[in-house]
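The exercises below deal with a sheet, with domains and with a contact between chains. Work through each task before reading its solution.

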Amino acid sequence: MTTKNLVLAQADPPRPGRPHKKGRLTPYVLVIPACAILILALGYPLVWQFTTSMQKFGLAQQFGQPPEFVWFDNYVTLFTDPYMWAVVARSLAFCLITAGVTMAIGTLMALLMNAVHNAVRITLQISLLLAWAMPVVAAMTVWNWLIDWRRGVLNSVLSGMGLDFQNHNWLANPMSFFLIAMVIVVWMSVPFVAFSIYAGLTQVSTEVLEAAQLDGARLSQRLRFIIVPIIRPVLAIILLLQVIWDLRVFTQIRLLQDAGSIASETNLLGTYIYQLGVGSSDFAMASAVSIFVLVLTVALSWFYVRSMLKEDDS
Amino acid sequence: MKRKLASLAALATASALVLAGCSSNADRGADASADNSVKTITLWLAGSDTPDELREYLKTEFNKETGATLNIQQQDWGDLVTKLTTSLPDANNTPDVTELGNTQSSTFTNVGAFLNITDMYDELGGSKLLQSFVDAGMVGDKNYSLPYYFGSRAVFTRSDVWAAAGVEQPKTLDEFNAGVAAINAANPLNIPDFSGFYLGGQDWRNGISWIFANDGELATVKDGKWTSTLASENTLKGLEQLQQLYKSASNAPNDAKDSNQYIYLNDSDEIKDAEGAVTASTSLSAASIMAPTWAHWSIGTLGTDDAGKATRTWDDTKNAVFALPGNDGKPAPVFAGGSNIGISAKSKNPELAKSLMKIIFSKDYQTMLGTNGLGPANSDHVDSLGDDQFAKALIASASNSKLTPAAPGWATVEGSLVMEEFFNKIEASTDLKALAQEYDKKLTPMLNGE
Amino acid sequence: MTSTVQSTGTAAVPSRTRPQRTAPPIRQQGAGSGNRSFRPGRIVLGVVGIVISLIWVFPVYWMLNSSLLPNVVLQSTTPTWLPFGGSFDNFVAVFSGGTFLPALGMSTAIAIITVVFCLLFAFLGALAISRFRFRGRKAFVLAVLLIQMLPAEGLFIAQYKLMGSLNMLNSIVGVSIIYIAAVVPFTIWMLRGFVAGVPADLEEAAMIDGLSRTQAFMRITFPLLAPGLVASGVYAFLQAWNEFTVALVLLQDNSSQTLPLWLRGFIQASASRATDWGQVMAASTLVAIPVIIFFLFVQGRMTSGLVSGAVKG
């Protein structure tokens with residue numbers, strides 16, 4: 001791809017491959033607002049977090065006692081703590097499964113929207129929109145109530161089907177806790193995935209598809225050779241986001257924990273950081289885990305980040 | 001051209017941000033003048049426990065006495081620790097006076113969040129103030145936070161179900177334990193998953209009453225060093241009784257916490273169709289529960305108030321309330337609810353804050369707390385609670401009530417939900433002592449804030 | 001310059017064809033909905049679509065249903081499926097608290113500021129990285145990608161200190177700044193795809209056809225960007241509308257609560273007596289309604305954006 005600098009840029013056609021002299025400052029001016037807001041909002045907090053992760057910093061330090069600098073002690077404590085690795089393993093499993101399921105369902109929904117009659121598509125879109133529009137706190141309240149051990153609809157329906165789910169407590173067992181959490185997270189994230197992919201699909205020219213169909217290309221071939229290449233950037237960024245979000249999913253887990261379960265057996269990285277920081281006032285450890293999560297996320301998404309950077313370069 | 005566009009955009013952003021900033025911050029920073037009438041101090045109250053009437057009283061009285069304005073902000077219990085952690089150390093944004101849970105107060109007191117008010121202690125009530133709460137706000141022999149109000153826990157029952165099962169109101173703890181197990185076995189109304197005594201698997205706040213009642217302690221302190229004592233002999237006795245209750249008297253979920261247990265005492269069979277036939281089944285599923293004494297507002301027959309809001313009316317033919325009896329027949333020591341109140345060490349108006357404290361500890365205000373069902377901090381004014389059965393149960397159970405350990409790390413213990421986890425494992429445990437020792441090991445460093 | 005407009009009304013797929021300089025391809029006879037919808041496969045898909053819709057919308061329906069029922073009905077062990085005999089009492093009770101409208105105002109202001117500035121900043125940033133090669137570009141792109149990987153749960157103390165020192169606690173701007181920073185990276189990346197997706201020669205061609213640069217942008221690039229802008233805007237809006245932790249820490253005055261804080265306070269206040277599920281669900285509904293209205297609004301924009309994606313013939 002050559003330099004494209006038409007919008008807001010000079011009218012004369014650019015010479016491919018070489019930045020235009022007059023436009024040399026333009027990109028910098030363009031990124032100033034974004035950079036400024038990022039530095040303003042995140043600069044100090046990031047520095048603070050990094051420093052704090054190498055200090056002894058608890059409630060006493062928060063109330064003015066000078067913190068002691070301990071270099072990497074917090075990290076050593078962290079990495080030798082088997083509990084932390086249990087949380088990491090749990091979070092990774094939860095994240096990958098949930099992100100995978102979300103992507104699969106979201107993609108199928110987008111294709112479905114693309115394939116069905118208008119009325120059905122609009123019905124689908126409206127119900128997805130409604131689910132998407134639910135504020136998280138409100139959604140969690142509803143879900144907590146749907147799965148309520150005593151008066152929840154879920155148990156009532158399952159019992160009505162002849163299964164023994166009367167007064168079944170879904171949150172007591174960590175496995176079923178995570179199953180419920182996954183269902184909720186998937187329910188909340190699919191609309192975004194489905195709509196984004198659907199928006200990508202609308203960029204696929206129907207003429208090309210129809211021409212391909214006329215030429216005898218099967219659905220799978222059309223998907224593979226026409227649709228996927230066009231929506232791949234969307235797929236990549238959405239998948240990346242799902243992985244990032246699901247790795248440190250917080251509100252859903254936290255509010256489910258409030259309703260039941262044993263916190264130490266259902267903690268994921270997000271709630272673990274929160275519990276260390278807010279619960280135990282161990283801000284140093286919370287910072288250290290945060291930094292570790294950052295590194296972990298980068299590692300997890302590095303393949304995508306690199307391929308995106310490459311794609312961006314080409 | 002394009003540079004102009006970009007810089008215009010930046011300028012527009014900046015000015016919009018500045019403008020919006022001004023409008024929402026105009027009322028800040030008005031502390032300079034010596035005249036009190038332009039001064040405002042902020043009081044944080046936790047939850048909605050303090051009724052509006054009392055808040056209005058505080059505002060008017062404070063203004064009358066000092067000329068300054070009192071700004072009351074209500075903070076939710078669930079988020080209070082987060083907010084105290086961020087705001088109290090910040091002189092520009094700290095509340096001047098704040099309420100906080102009595103179990104949280106030792107932690108914040110120990111890190112120096114509160115002003116030393118030892119000089120006011122006698123003036124505010126001195127030895128008349130509820131001692132266990134006063135202790136929770138002390139470091140050494142200095143007072144930092146003082147009791148605001150207390151609540152306590154009592155047993156609420158369905159006396160009709162107890163009668164149907166042929167069980168009398170118990171006189172001792174053993175009788176209680178045996179009685180609720182008998183009711184559970186009898187299940188006179190044939191309700192599925194019925195509990196003779198509904199006790200949530202993670203409900204340690206009610207559960208520790210059995211530890212206290214057997215003279216057990218959660219932790220002891222020696223030379224400033226705290227030790228968790230779950231595995232001590234008396235504590236274990238209480239834990240064994242609890243395990244028995246969980247096994248034979250309670251069908252509550254293993255992960256249920258101390259919340260809303262009173263709904264299981266209520267019928268909701270008033271739902272009828274047009275012919276008056278009952279269409280929905282009852283939701284009654286427990287013969288007894290333990291809850292804070294104010295829970296009586298949520299127990300009884302359903303009705304509507306003048307505003308059309310659903311209310312519950314206590315029905316003496318169906319409901320009863322009593323203090324959990326101890327082994328000696330006197331009320332058992334239960335975990336007291338309630339909160340402390342203190343002046344922020346970073347307050348810019350400590351004198352005004354002290355004036356507010358005087359109003360709060362005045363006879364008038366203490367009496368108002370009592371008439372609203374909140375146990376007044378000063379024992380001289382406890383009569384104001386009245387003498388109905390709820391006040392009696394409150395006073396009886398509070399007479400012997402206890403607090404959680406006043407250890408610097410207790411808030412950490414609560415924040416990391418270790419007690420919930422420990423109680424959760426009691427029922428299924430085959431070796432309570434080993435379980436208790438395991439958790440002693442976890443708790444001891446936490447208690448000492450390590 | 002020629003282009004095709006495919007009517008979204010009749011086509012099964014509301015597709016917008018890319019304006020093309022070649023002659024429009026011949027449309028197959030009967031490619032519209034009229035013919036295809038009778039294919040059995042399509043009917044099956046339609047049924048599947050309806051079933052999925054119902055499953056997905058059920059929790060929302062349940063919230064609405066519960067909000068109309070009195071608490072006593074909700075406490076029953078058998079669910080009541082339809083709100084017969086229901087009323088708006090719960091909503092009246094929620095409104096009578098008098099705190100909903102201020103919170104609505106607060107949330108709306110924060111959401112609008114966040115969306116507007118986020119889209120503006122992100123569009124400029126996306127323009128820079130998709131249309132220019134410049135030194136530091138790679139670092140910028142990398143930073144944009146990495147910043148969104150920071151877990152927010154560890155940052156709140158520092159953000160409180162920051163906003164405290166800027167005297168921006170309890171202020172709309174303080175919270176908005178944090179929110180804009182939180183959504184700008186993703187928005188830049190998303191818009192980058194859309195900006196890059198607009199073939200530059202398209203604009204050139206339009207200008208050769210006699211349009212000014214602004215006209216070319218407004219008539220060609222902007223409509224092509226519209227779905228991207230709408231999607232990013234929706235994303236930014238939802239983040240700002242739903243965010244909880246930062247708001248909790250930065251907004252401590254009762255007079256400056258956003259809707260999630262208000263709702264949570266409402267739930268907690270209700271739980272300290274016996275939870276009144278009917279009122280809690282009514283309150284949840286009230287928080288969701290503005291989002292739904294916003295969505296319906298942008299849905300219309302999106303469609304009209306798609307339709308106007310065509311260039312005059």
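**Exercise 1.** What is the order of the strands in the open sheet of three strands in chain B?

*Solution.* The model is predicted, so local features need pLDDT of at least 70 and side-chain atom pairs count only at pLDDT 80 or more, while totals for chains, interfaces and linings use all residues. Residues are numbered from 1 along each chain as its sequence is written, and chains are lettered from A and ligands numbered from 1 in the order in which they are written.

Step 1. The order in chain B is β10-β7-β13, with antiparallel pairing. Strands are DSSP runs of E with at least two residues, helices are runs of H or I with at least four, and both are numbered from the N terminus. Two strands pair if DSSP finds at least two bridges between them.

Step 2. β10 (288-292) and β13 (319-322) of chain B are the edge strands; each has a single partner strand, so one side of each lacks a neighbour in the sheet.

Step 3. Take the pair β7 (residues 153-158) and β13 of chain B: four bridges join these strands in the antiparallel sense. B:Val155 has B:Phe322 of β13(B) as its bridge partner.

**Exercise 2.** Describe how the two domains of chain B meet.

*Solution.* Step 1. Domain 1 of chain B covers 39-152 + 337-398, and domain 2 covers 153-335 + 416-447. Such bounds come from an automatic or database domain assignment.

Step 2. The centres of these two domains of chain B, taken over C-alpha atoms, are separated by 29 Å.

Step 3. In chain B, 10 residues of domain 1 are in contact with 12 residues of domain 2. Contact means that the C-beta atoms of two residues, placed from the backbone, lie within 7 Å.

Step 4. On the domain 1 side of this contact, helix α12 (residues 389-398) of chain B supplies the largest share, six residues. That side divides into four nonpolar, six polar and no charged residues. Here Ala, Val, Leu, Ile, Met, Phe, Trp, Tyr, Cys and Pro count as nonpolar, Asp, Glu, Lys and Arg as charged, and the others, Gly among them, as polar.

**Exercise 3.** How many residues of chain A and of chain C take part in their contact?

*Solution.* Step 1. Chain A contributes 92 residues and chain C 93 residues.

Step 2. On the chain A side, helix α1 (residues 26-52) of chain A gives the most, with 16 residues.

Step 3. The chain A side that touches chain C has 62 nonpolar, 23 polar and seven charged residues.
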